[in-house]
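Visitor: I would like a close look at one part of this model, namely its interior. Please take me through what is packed there and what space is left.

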Amino acid sequence: MNTNQPIAMVTGGNGAIGKAIAQGIAEKGYTVVLACRDEDKAQRAVEDLIQATGNQDIRYELVDVSRQASVQDLAGRWTGPLHVLVNNAAATPRQRKETPEGIELQFATNVLGYFWMALAFQPYLRSAAPARIVNVASYYAGDLDLDDLEFKHRRYDNNRAYRQSKQANRMLTVALAERLQADGISVNACHPGDANSKLSNNLGFGGHESPQQAASTPVWLATEPAGQQKTGKYFDDQHEVQDRYARDQQAIEALYQKCLQYTQGDLGEIVG
């Protein structure tokens, strides 16, 4: 592995958009690490990406971002700096499911997974500063209920749960950006574009863009100057968009504190 190259990690890197994000970053000469749950799919994705890009510095690490212990295990075996973290992994189960820890799966993966990865890898990002976190969110956002984040009281609907998780991603981007700015770490969110994928199919949609087209904004935020110069912002089609979910600072802080309640032990340093 070339230690002079910047290092980027993409969660959910074997999925349609995650793989395209990884390819776009690899094509720019970065060392790329796919953070995946399934080893067979991860291995195939690495082989495909090396063949497609000619970049030999692509590998995978196994992690289940819906489980804090798995995130901590990945952070514990990580060595060296991390320049870019792309939080992309997502779950959209059609029926309500829970992790072995008893947390609703979509909230655990799409929201807490982003949160735990940011906290766990803060020290590595700080050592590589200027560094950045890119949260793959969506314009398909809303329905956040701070009193029922796990759909224990509302009827579970995977579309509504997904919309809630993407609103939460955008709100937590603001909270994390405020806390990490002093460490030289930018945190931005984006809509990735509309590609036909397992995720979109689970939500009842197709997609009119190729994965590469859908990945263009996350790749741009991960590698171009704008992604470092801006922080706490939301982007669509490589343009900053005013985010109505970024205006309610009280709700943002309440969500951040609720996510901390799901976080056990020492994980990073940006608590409180």
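Guide: A residue is called buried when its relative accessible area is under 20%, exposed when over 50%, and partly exposed in between, with a 1.4 Å probe and protein chains only. The model is predicted, so local features need pLDDT of at least 70 and side-chain atom pairs pLDDT 80 or more, whereas totals for chains, interfaces and linings use all residues. Residues are numbered from 1 along each chain as its sequence is written, and side-chain values use heavy atoms, without hydrogens or water.

T92 lies in the loop between β4 (84-87) and α4 (105-128), where helices (H or I, at least four residues) and strands (E, at least two) are DSSP runs numbered from the N terminus. Because its relative accessible area is 6%, T92 counts as buried. N158, which is found in helix α5, is buried as well, because its relative accessibility is 7%. The side chain of N158 makes a polar contact (N or O atoms within 3.5 Å, one able to donate a hydrogen and the other to accept it; neighbours in sequence count only through side-chain atoms) with the side chain of N159, at 3.4 Å.

The largest nonpolar core (buried Ala, Val, Leu, Ile, Met, Phe, Trp, Tyr and Cys residues joined through side-chain atoms within 4.5 Å) has 48 residues, and M9, L82 and F121 have the most contacts inside it. Among the elements that each supply at least two residues of this core are β1 (7-11), β2 (31-36), α3 (68-77), α5 (158-180) and α10 (249-261), while the largest share, 13 residues, comes from α4. Leaving aside residues up to four places away in sequence, M9 touches (heavy atoms within 4.5 Å) several residues, including V33, L74, W78, M117 and F121. Apart from this core lies another, of 31 residues, among them V10, I58, W220 and A226.

As for empty space, a cavity is a set of points on a 1 Å grid over the protein atoms alone where a 1.4 Å probe fits but cannot get out, and lining residues have an atom within 4 Å of a point. The count comes to one cavity of 30 Å³ or more, and the largest cavity has a volume (the space filled by probe spheres set on the points) of about 40 Å³. Y114, F115, N135, A168, N169, L172, T173 and L176 line this cavity, with α5 giving the most, five residues.

Key
1 Å grid on protein atoms, 1.4 Å probe; cavity = no way out; pocket = protein on both sides within 12 Å on 5 of 7 lines; lining within 4 Å.
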